[in-house]
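Here is a short report on charged side chains and how they pair. Have the sequence and the 3D view at hand while reading.

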Amino acid sequence: MTDYADIEQEIRTIIMTPLGSVPTNPLKGCDLLPLIDLPGEQAAPLAAQRIYDALALWVQRIELGTVSVQPVAVHHWRVLVPWRVKDDVLAEFQTAEFDIDFVKDI
């Protein structure tokens with residue numbers, strides 16, 4: 001696994017971990033479950049902010065760009081997370097792209 005693959009895996013892990021699901025660290029994760037029944041246009045900006053906040057807290061070795069959440073279908077979102085390694089100002093942003101299907105994934 002390359003360093004970038006490791007970082008993208010860490011990003012995905014934080015996004016897909018519901019708050020309270022890690023017994024030794026109940027605050028680790030991302031609080032997306034309360035948003036799944038909202039209409040996509042309402043949930044998307046809230047989800048993007050929650051994802052940004054969780055990643056900024058738990059993946060401290062990266063600098064984040066603007067997180068984007070696009071509704072694909074009911075309970076299915078596409079998440080785009082632009083990131084680069086912190087303190088590497090010459091590096092271009094990578095974009096981690098994930099599909100979240102709440103019926104299958106969480």
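What follows covers the salt bridges first, then a few single residues. The model is predicted.

A search of the whole structure finds six salt bridges. Three of them, among those six, are listed here.

| Pair | Closest N to O distance |
|---|---|
| Arg61 and Asp6 | 2.7 Å |
| Glu10 and Arg61 | 2.8 Å |
| Arg84 and Glu63 | 3.2 Å |

Start with Arg61 and Asp6, whose side chains meet in a salt bridge. Arg61 lies in the loop between helix H2 (40-58) and strand E1 (62-64), and Asp6 in helix H1, so the pair ties together parts 55 residues apart in sequence.

Arg61 also meets Glu10 in a salt bridge. Glu10 sits in helix H1, 51 residues from Arg61.

How exposed are these residues? Arg61 is partly exposed, at 34% relative accessibility. Asp6 is partly exposed at 33%. Glu10 is partly exposed at 26%.

Next comes Arg84, in strand E3 (residues 76-85). Its salt-bridge partner is Glu63. This pair links strand E3 with strand E1, 21 residues apart. Is Arg84 buried or exposed? Arg84 counts as buried because its relative accessible area is 14%, under the 20% cut-off. Glu63 is partly exposed, at 29%. Sharing of partners joins Asp6, Glu10 and Arg61 into one salt-bridge network.

Beyond its neighbours within four places in sequence, Arg84 is in contact with Arg61, Ile62, Glu63, Val89, Ala91, Glu92 and Phe93.

Last, Thr13 is in helix H1 (residues 3-16). Thr13 is partly exposed, at 36% relative accessibility. Its C-alpha atom is 9.4 Å from that of Cys30, 17 residues apart along the chain.

Terms used. Residues numbered from 1 in each chain as written. Predicted model: local features only at pLDDT ≥ 70, side-chain atom pairs only at ≥ 80, totals over all residues. Heavy atoms only, no water. Helix = DSSP H or I, 4+ residues; strand = E, 2+ residues; numbered from the N terminus. Contact = heavy atoms within 4.5 Å. Buried < 20%, exposed > 50% of the residue type's maximum accessible area, 1.4 Å probe, protein only. Salt bridge = Lys/Arg side-chain N within 4 Å of Asp/Glu carboxyl O.
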